[in-house]
Amino acid sequence: MATAAALPTKAPADNRLKMLDAAMTRHRHQPDALIEILHTAQELYGYLDLDCLKYVGRCLKVPPSRVYGVATFYNVFTLKPRGEHTCVVCLGTACYVKGTATILSALEREHHLEVGGTTPDGTLSLVSARCLGACGLAPVLVFDQEIAGRVTAETALARTRNWMEQP
Ligand code: FES
C-alpha cells in the first residue's frame, strides 16, 4: 500500500475535455479534422471510448458510424485501454522540464515495458501524452482516470506497483 508521503498532494482539475474542445475549435469544427481530433483525444485519454467517439462526432457533425469506422480502420487508434490500468505520462514541455522523462524511464524499467506497451499479464498500459492542461502542477501523470500533479518517480512507482500487486 502507498504511504501518505507517496501520494500526490493536490489533484489538478481535469482539463482534458477543455483541451479536446479547444482542438476542435482550432479546426473550426471541420469534419475533415476528424482524424486529427481523434489523435488528440487518444493522446489526452490514452484510448477512445464510445462516449468520446460520440462526443467528437456530435461536435464535428460527423455521423457516429463514420467516426466509429475511422477509429476502427486505423490501428493507431485503440477503443479501450489495453491493460486493466492505464498510466499516462505527460511529456509536454512543462512536464518534460520537470522530469517526466525520468519518471517514464523509471516506470519502463520497473515494469519491463516501453511506452505504448502493456505488461504481459494485461495489468498495466503505459501511455504518453503531449499536454494534459494542468501544466501549473507539472509533472503530471494520469492513473486510470485520476490526474495527479507534482508526481515523483517514487509516487508513480508506488501507484503502479500497487496495481501490479493486486490479486
Ligand atoms: S505539459 Fe504536462 S500538463 Fe501541460
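1. Helices here are DSSP runs of H or I at least four residues long, numbered from the N terminus. With that settled, a quick look at the end of H6: the residue that follows this helix is His112, and its phi is positive, near 50°. Keep in mind throughout that this is a predicted model.

2. Now H6 itself. The helix runs over residues 100–111, 12 residues in total. From first C-alpha to last it reaches 16 Å, close to the 16 Å expected at 1.5 Å a residue. Which residues of H6 are buried? They are Thr100, Ile103, Leu104, Leu107 and His111. These residues sit on the same side of H6 because they cover an arc of only 100° around the axis. As for what lies over them, the cover includes strand S1 (85–90), helix H5 (93–97), strand S2 (124–129) and helix H7 (153–165).

3. H7 deserves a closer look through Leu157, which has its place in that helix. Leaving out neighbours within four places in sequence, Leu157 is in contact with Ala106, Leu107 and Glu110. Leu107 is one of the buried residues of H6. Is Leu157 partly exposed or buried? It counts as partly exposed, because 18 other C-beta atoms lie within 10 Å, while 20 or more would be needed for buried.

4. H5, also part of the H6 cover, holds Val97. This valine counts as exposed, because it has 12 C-beta neighbours inside 10 Å and the cut-off for exposed is 12 or fewer. If you want a distance to check in your viewer, the C-alpha atoms of Val97 and Cys131 are separated by 12 Å, with their positions 34 residues apart along the chain.

5. On to H3 (50–60), where the layout can be read in a similar way. Buried in this helix are Cys52, Leu53, Val56, Gly57 and Leu60. They lie on the same side of H3, since the arc they cover around the axis is only 135°. Asp51 and Arg58 are exposed on the other side of H3. The cover over the buried residues of H3 includes H1, H2 and H4. Val56 gives a residue-level view: apart from residues up to four places away in sequence, it touches Ile37, Leu38, Ala41 and Val67.

6. Right after H3 comes Lys61, with a positive phi of about 55°, so do look at the backbone there; this residue is not a glycine. Lys61 belongs to the loop between H3 and helix H4 (64–73). What makes Lys61 count as exposed? The reason is its 9 C-beta neighbours inside 10 Å.

7. Asp144 also shows a positive phi, about 55°, without being a glycine. Asp144 is in the loop between S3 and strand S4 (146–148). Because Asp144 has 13 C-beta neighbours inside 10 Å, it counts as partly exposed.

8. One more backbone item: the peptide bond joining Ala138 and Pro139 is cis, with omega about 0°. Pro139 is in the loop between S2 and strand S3 (141–143). Relative to Leu157 from point 3, Pro139 is 18 residues away in sequence and 14 Å away in space, C-alpha to C-alpha.

9. Next, the core. Nonpolar side chains tend to be buried together in soluble globular proteins. Here the largest nonpolar core has 40 residues. Ala41, Val56, Cys90, Leu132, Val140 and Leu141 have the most contacts inside this core. H2 gives the most to it, with 5 residues. Each of domain 1 and domain 2 puts in at least three residues.

10. Last, the domains. The chain is divided into domain 1 (16–73) and domain 2 (82–165), and their centres, taken over C-alpha atoms, are 23 Å apart. How many residues of domain 1 are in contact with domain 2? There are 6, and they meet 7 residues of domain 2. On the domain 1 side, helix H1 (16–26) and helix H2 (34–45) each supply at least two residues, with the largest share, 3 residues, coming from H1. By class, that side has 2 nonpolar, 1 polar and 3 charged residues.

Terms used. Residues numbered from 1 in each chain as written. Predicted model: local features only at pLDDT ≥ 70, side-chain atom pairs only at ≥ 80, totals over all residues. Domains from an automatic or database assignment. Contact = placed C-beta atoms within 7 Å. Nonpolar A, V, L, I, M, F, W, Y, C, P; charged D, E, K, R; others polar. Core = buried A, V, L, I, M, F, W, Y, C linked by C-beta atoms within 7 Å. Expected span 1.5 Å × (residues − 1). Arc of directions from axis to C-beta.
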